Amino acid sequence: MNALEVHGVSKSFGKAEVLRSIDLHVAEHEVVCLIGASGSGKSTLLRCVNLIEPIDAGRILVAGEEITAPRVDVNRIRRSIGIVFQAFNLFPHMSVLDNVTLGPRRALGLGRAEAEQRAHELLERFGLAQRVNDYPDRLSGGQQQRVAIVRALAMQPELMLLDEVTSALDPELVAEVLNVVRELAAGGMTMVIATHEMGFARDIADRVCFLDAGVILEQGLPSQIFSDPREERTQQFLQRIVDAGRL
(Lines give C-alpha, C1' and ligand atoms only; values in the text may rest on other atoms or scores of the structure.)
Protein backbone atom coordinates (compact mmCIF):
# COMPACT_ATOMS: atom_id res chain seq x y z
CA MET A 1 0.00 0.00 0.00
CA ASN A 2 1.26 3.48 -0.87
CA ALA A 3 1.55 6.09 1.85
CA LEU A 4 0.06 8.70 -0.50
CA GLU A 5 -1.83 8.55 -3.78
CA VAL A 6 -2.91 11.60 -5.75
CA HIS A 7 -5.22 10.85 -8.67
CA GLY A 8 -6.17 13.49 -11.24
CA VAL A 9 -6.13 16.38 -8.77
CA SER A 10 -6.98 19.80 -10.13
CA LYS A 11 -7.20 23.11 -8.30
CA SER A 12 -8.01 26.62 -9.49
CA PHE A 13 -8.08 29.99 -7.81
CA GLY A 14 -10.57 31.97 -9.80
CA LYS A 15 -9.53 31.65 -13.43
CA ALA A 16 -5.98 30.61 -12.54
CA GLU A 17 -5.56 26.85 -12.93
CA VAL A 18 -2.83 26.02 -10.41
CA LEU A 19 -2.94 22.20 -10.51
CA ARG A 20 -3.95 20.35 -13.65
CA SER A 21 -4.84 16.68 -13.22
CA ILE A 22 -1.88 15.80 -10.99
CA ASP A 23 -1.02 12.12 -10.46
CA LEU A 24 1.50 11.18 -7.77
CA HIS A 25 2.19 8.02 -5.76
CA VAL A 26 4.51 7.99 -2.74
CA ALA A 27 5.55 4.68 -1.19
CA GLU A 28 6.04 4.19 2.54
CA HIS A 29 9.44 5.52 3.70
CA GLU A 30 9.98 7.26 0.34
CA VAL A 31 11.26 10.84 0.12
CA VAL A 32 9.91 12.76 -2.86
CA CYS A 33 11.15 16.26 -3.65
CA LEU A 34 9.04 18.67 -5.68
CA ILE A 35 11.06 21.19 -7.66
CA GLY A 36 10.08 23.89 -10.12
CA ALA A 37 9.79 27.64 -10.46
CA SER A 38 7.73 29.71 -8.04
CA GLY A 39 4.08 29.44 -8.99
CA SER A 40 4.42 25.98 -10.53
CA GLY A 41 2.00 24.45 -7.98
CA LYS A 42 4.34 22.83 -5.43
CA SER A 43 2.96 24.51 -2.32
CA THR A 44 -0.64 24.23 -3.49
CA LEU A 45 -0.21 20.48 -3.97
CA LEU A 46 1.04 20.08 -0.39
CA ARG A 47 -1.80 22.21 0.95
CA CYS A 48 -4.30 20.05 -0.93
CA VAL A 49 -2.80 16.86 0.52
CA ASN A 50 -3.17 18.33 4.03
CA LEU A 51 -6.76 19.38 3.17
CA ILE A 52 -5.97 23.04 3.81
CA GLU A 53 -7.16 23.71 0.26
CA PRO A 54 -10.18 21.83 -1.12
CA ILE A 55 -9.57 20.24 -4.50
CA ASP A 56 -11.77 20.89 -7.52
CA ALA A 57 -11.38 17.44 -9.06
CA GLY A 58 -9.64 14.14 -8.40
CA ARG A 59 -8.97 11.98 -5.33
CA ILE A 60 -6.32 11.86 -2.61
CA LEU A 61 -5.64 8.72 -0.58
CA VAL A 62 -3.45 8.44 2.52
CA ALA A 63 -2.58 4.89 3.65
CA GLY A 64 -5.36 3.61 1.40
CA GLU A 65 -8.10 5.89 2.75
CA GLU A 66 -9.67 8.44 0.44
CA ILE A 67 -9.32 11.63 2.45
CA THR A 68 -11.15 13.74 -0.14
CA ALA A 69 -14.32 11.65 0.10
CA PRO A 70 -17.48 13.40 1.36
CA ARG A 71 -17.98 13.64 5.11
CA VAL A 72 -14.42 12.65 5.98
CA ASP A 73 -13.32 13.86 9.43
CA VAL A 74 -10.71 16.41 8.34
CA ASN A 75 -9.26 16.86 11.83
CA ARG A 76 -8.72 13.11 12.20
CA ILE A 77 -6.90 12.98 8.85
CA ARG A 78 -4.68 15.93 9.71
CA ARG A 79 -3.50 14.20 12.87
CA SER A 80 -1.63 11.69 10.69
CA ILE A 81 -0.14 14.29 8.30
CA GLY A 82 2.49 16.71 9.57
CA ILE A 83 3.05 19.89 7.60
CA VAL A 84 5.77 22.50 8.12
CA PHE A 85 5.58 25.87 6.38
CA GLN A 86 8.30 28.28 5.33
CA ALA A 87 7.05 30.91 7.82
CA PHE A 88 7.37 28.71 10.95
CA ASN A 89 3.87 29.67 12.27
CA LEU A 90 4.83 29.21 15.92
CA PHE A 91 2.53 30.75 18.53
CA PRO A 92 4.51 33.83 19.71
CA HIS A 93 2.84 33.96 23.14
CA MET A 94 3.81 30.34 23.96
CA SER A 95 7.13 28.86 25.04
CA VAL A 96 8.85 26.25 22.89
CA LEU A 97 7.56 23.52 25.20
CA ASP A 98 3.98 24.78 25.02
CA ASN A 99 4.16 25.12 21.22
CA VAL A 100 5.26 21.48 20.92
CA THR A 101 2.82 20.00 23.47
CA LEU A 102 -0.33 21.87 22.43
CA GLY A 103 -1.22 19.55 19.53
CA PRO A 104 -0.67 16.23 21.34
CA ARG A 105 -2.67 17.44 24.35
CA ARG A 106 -5.57 18.98 22.40
CA ALA A 107 -5.79 16.69 19.37
CA LEU A 108 -4.44 13.38 20.71
CA GLY A 109 -5.71 13.70 24.26
CA LEU A 110 -2.32 13.12 25.88
CA GLY A 111 -1.83 14.14 29.48
CA ARG A 112 0.58 16.95 30.23
CA ALA A 113 3.29 14.64 31.59
CA GLU A 114 3.26 12.33 28.56
CA ALA A 115 3.12 15.22 26.07
CA GLU A 116 6.01 16.97 27.81
CA GLN A 117 8.10 13.79 27.92
CA ARG A 118 7.61 13.34 24.18
CA ALA A 119 8.47 17.00 23.60
CA HIS A 120 11.64 16.86 25.70
CA GLU A 121 12.84 13.76 23.84
CA LEU A 122 12.32 15.39 20.44
CA LEU A 123 13.83 18.71 21.47
CA GLU A 124 16.88 16.90 22.82
CA ARG A 125 17.17 14.91 19.60
CA PHE A 126 17.27 18.05 17.50
CA GLY A 127 19.55 20.15 19.66
CA LEU A 128 16.91 22.31 21.33
CA ALA A 129 16.94 20.95 24.89
CA GLN A 130 18.21 24.26 26.30
CA ARG A 131 15.43 26.22 24.59
CA VAL A 132 12.33 24.60 26.11
CA ASN A 133 11.30 27.69 28.11
CA ASP A 134 12.23 30.28 25.49
CA TYR A 135 9.66 32.12 23.40
CA PRO A 136 9.94 32.19 19.60
CA ASP A 137 11.26 35.76 19.48
CA ARG A 138 14.32 34.60 21.46
CA LEU A 139 15.22 32.01 18.80
CA SER A 140 17.09 32.28 15.52
CA GLY A 141 15.20 31.52 12.32
CA GLY A 142 16.87 28.12 12.10
CA GLN A 143 15.89 27.30 15.68
CA GLN A 144 12.30 28.40 15.06
CA GLN A 145 12.09 26.18 12.01
CA ARG A 146 13.50 23.23 13.96
CA VAL A 147 10.85 23.82 16.64
CA ALA A 148 8.19 23.86 13.91
CA ILE A 149 9.45 20.49 12.65
CA VAL A 150 9.52 19.09 16.20
CA ARG A 151 5.97 20.35 16.75
CA ALA A 152 4.82 18.41 13.70
CA LEU A 153 6.74 15.29 14.77
CA ALA A 154 5.20 15.39 18.25
CA MET A 155 1.92 14.35 16.61
CA GLN A 156 3.65 11.15 15.41
CA PRO A 157 2.55 11.63 11.78
CA GLU A 158 2.67 8.91 9.16
CA LEU A 159 3.46 11.45 6.44
CA MET A 160 5.43 14.70 6.59
CA LEU A 161 4.94 17.58 4.14
CA LEU A 162 7.67 20.22 4.07
CA ASP A 163 6.90 23.42 2.18
CA GLU A 164 10.04 25.41 1.35
CA VAL A 165 11.21 25.12 4.95
CA THR A 166 14.47 27.00 4.28
CA SER A 167 13.11 29.85 2.13
CA ALA A 168 12.78 32.34 5.00
CA LEU A 169 16.21 31.57 6.48
CA ASP A 170 19.55 33.30 6.20
CA PRO A 171 22.01 31.15 4.23
CA GLU A 172 24.06 30.17 7.29
CA LEU A 173 20.92 28.82 9.02
CA VAL A 174 19.82 26.63 6.12
CA ALA A 175 22.23 23.79 6.91
CA GLU A 176 20.93 23.19 10.44
CA VAL A 177 17.37 22.74 9.18
CA LEU A 178 18.41 20.53 6.26
CA ASN A 179 20.35 18.33 8.68
CA VAL A 180 17.13 17.74 10.64
CA VAL A 181 15.35 16.71 7.44
CA ARG A 182 18.24 14.39 6.54
CA GLU A 183 17.91 12.71 9.93
CA LEU A 184 14.18 12.20 9.39
CA ALA A 185 14.84 10.65 5.99
CA ALA A 186 17.49 8.34 7.44
CA GLY A 187 14.94 7.25 10.05
CA GLY A 188 12.46 6.19 7.37
CA MET A 189 9.96 9.06 7.58
CA THR A 190 7.76 9.31 4.48
CA MET A 191 8.13 12.86 3.18
CA VAL A 192 7.05 15.08 0.32
CA ILE A 193 9.28 18.15 0.19
CA ALA A 194 8.80 21.28 -1.91
CA THR A 195 12.23 22.88 -2.17
CA HIS A 196 14.41 25.34 -4.04
CA GLU A 197 17.53 23.69 -2.56
CA MET A 198 18.58 21.65 -5.58
CA GLY A 199 21.72 20.16 -4.07
CA PHE A 200 19.70 19.04 -1.06
CA ALA A 201 17.02 17.48 -3.29
CA ARG A 202 19.68 15.64 -5.25
CA ASP A 203 21.21 14.25 -2.05
CA ILE A 204 18.13 13.31 -0.06
CA ALA A 205 15.36 12.39 -2.52
CA ASP A 206 14.45 8.91 -3.64
CA ARG A 207 12.55 10.59 -6.47
CA VAL A 208 12.36 14.12 -7.85
CA CYS A 209 9.28 15.59 -9.54
CA PHE A 210 9.60 18.69 -11.70
CA LEU A 211 6.42 20.77 -11.73
CA ASP A 212 5.68 23.31 -14.43
CA ALA A 213 2.46 25.25 -14.88
CA GLY A 214 0.49 22.94 -12.60
CA VAL A 215 1.58 19.59 -14.01
CA ILE A 216 4.29 17.09 -13.09
CA LEU A 217 6.21 17.46 -16.32
CA GLU A 218 8.96 15.00 -15.45
CA GLN A 219 9.91 12.72 -12.57
CA GLY A 220 12.63 10.20 -11.89
CA LEU A 221 15.69 9.38 -9.85
CA PRO A 222 17.73 12.44 -8.78
CA SER A 223 20.65 11.22 -10.88
CA GLN A 224 18.47 11.21 -13.98
CA ILE A 225 16.60 14.46 -13.36
CA PHE A 226 19.67 16.51 -12.47
CA SER A 227 22.14 14.94 -14.91
CA ASP A 228 20.04 13.98 -17.91
CA PRO A 229 16.59 15.64 -17.88
CA ARG A 230 14.47 14.65 -20.85
CA GLU A 231 12.07 17.57 -21.08
CA GLU A 232 13.28 20.84 -22.60
CA ARG A 233 11.49 22.86 -19.89
CA THR A 234 13.30 20.88 -17.16
CA GLN A 235 16.60 21.47 -18.94
CA GLN A 236 15.94 25.22 -19.06
CA PHE A 237 14.99 25.38 -15.39
CA LEU A 238 18.05 23.47 -14.22
CA GLN A 239 20.37 25.46 -16.47
CA ARG A 240 19.19 28.65 -14.79
CA ILE A 241 19.87 27.03 -11.41
CA VAL A 242 23.39 26.10 -12.54
CA ASP A 243 23.99 29.60 -13.94
CA ALA A 244 22.96 31.05 -10.60
CA GLY A 245 25.50 28.85 -8.83
CA ARG A 246 22.87 26.93 -6.87
CA LEU A 247 23.64 23.42 -8.18
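A residue is called buried when its relative accessible area is under 20%, exposed when over 50%, and partly exposed in between. The structure described here is a predicted model, and the classes of burial are applied to its residues throughout.

The chain contains 9 helices and 10 strands. Its radius of gyration is 18 Å, close to the 18 Å that the globule rule gives for 247 residues, so the chain is as compact as a globular protein of that length. The C-alpha trace spans about 55 × 45 × 35 Å along its principal axes. Of the 247 residues, 52% are buried. Among contacts with a separation of 6 or more, 65% are accounted for by residues 24 or more positions apart. The exposed area of the chain is about 11500 Å², of which carbon and sulfur atoms supply 46%. Charged side chains comprise 26 positive and 33 negative ones, and the centres of the two sets lie 5 Å apart.

An open sheet is formed by 4 strands in the order 2-1-4-5, with antiparallel pairing. Its edges are strand 2 (16-26) and strand 5 (65-66), each of which pairs on one side only. In general, strands of a sheet pair through backbone hydrogen bonds, in either a parallel or an antiparallel arrangement. Strand 1 (residues 4-13) is joined to strand 4 (residues 57-62) by 5 bridges in the antiparallel sense. Within this pair of strands, Val6 stands opposite Ile60 of strand 4, and His7 stands opposite Arg59 of strand 4. On the way to the edge of the sheet, strand 4 pairs with strand 5 over 2 bridges, again in the antiparallel sense. Here Val62 has Glu65 of strand 5 as its bridge partner.

Strands 4 and 5 form a hairpin with 2 residues between them. Ala63 is located in the loop between these two strands and has a positive phi of about 50 degrees, although it is not a glycine. Most residues other than glycine have a negative phi. The relative accessible area of Ala63 is 36%, so this residue falls between the limits of 20% and 50% and is classed as partly exposed.

The segment before strand 1 holds Ala3. With a relative accessible area of 9%, Ala3 is under the 20% limit and is therefore buried. Leaving aside neighbours within four places in sequence, Ala3 is in contact with Val26, Ala27, Glu28, Leu61, Val62, Ala63 and Thr190. This list includes Ala63 of the hairpin turn and Val62, the bridge partner of Glu65. Thr190 is 187 residues from Ala3 along the chain, yet the C-alpha atoms of the two are separated by 7.5 Å.

A positive phi is also found at Arg71, where the angle is near 65 degrees in a residue other than glycine. Arg71 is placed in the loop between strand 5 and helix 2 (74-78). The relative accessible area of Arg71 is 82%, which is over the 50% limit, so Arg71 is exposed. Ala63, by contrast, is partly exposed at 36%. A further positive phi, of about 65 degrees, is taken by Leu51, just after helix 1.

Helix 1 (residues 42-49) is mostly covered, with 6 of its 8 residues buried. The buried residues are Lys42, Thr44, Leu45, Leu46, Cys48 and Val49.

Towards the end of the chain, Thr234 lies in helix 9 (residues 232-243). The relative accessibility of Thr234 is 0%, which is under 20%, so Thr234 counts as buried. Beyond its neighbours within four places in sequence, Thr234 is in contact with Phe210, Leu217, Glu218 and Pro229. Asp212, which is 22 residues from Thr234 in sequence, lies 8.4 Å away in space, C-alpha to C-alpha.

Technical notes. Residues are numbered from 1 along each chain as its sequence is written. This is a predicted model: local features need pLDDT of at least 70, side-chain atom pairs count only at pLDDT 80 or more; totals for chains, interfaces and linings use all residues. Side-chain values use heavy atoms; hydrogens and water are left out. The radius of gyration is taken over C-alpha atoms; the globule rule is 2.2 Å times the number of residues to the power 0.38. Buried means under 20% relative accessible area, exposed over 50%, partly exposed in between (1.4 Å probe, protein chains only). Contact means heavy atoms within 4.5 Å. Accessible areas come from the Shrake-Rupley method with a 1.4 Å probe; for residues, only the protein chains shown count as cover. Lys and Arg count as positive and Asp and Glu as negative; His and the chain ends are not counted. The place of a charge is taken as NZ of Lys, CZ of Arg, CG of Asp or CD of Glu. Two strands pair if DSSP finds at least two bridges between them.
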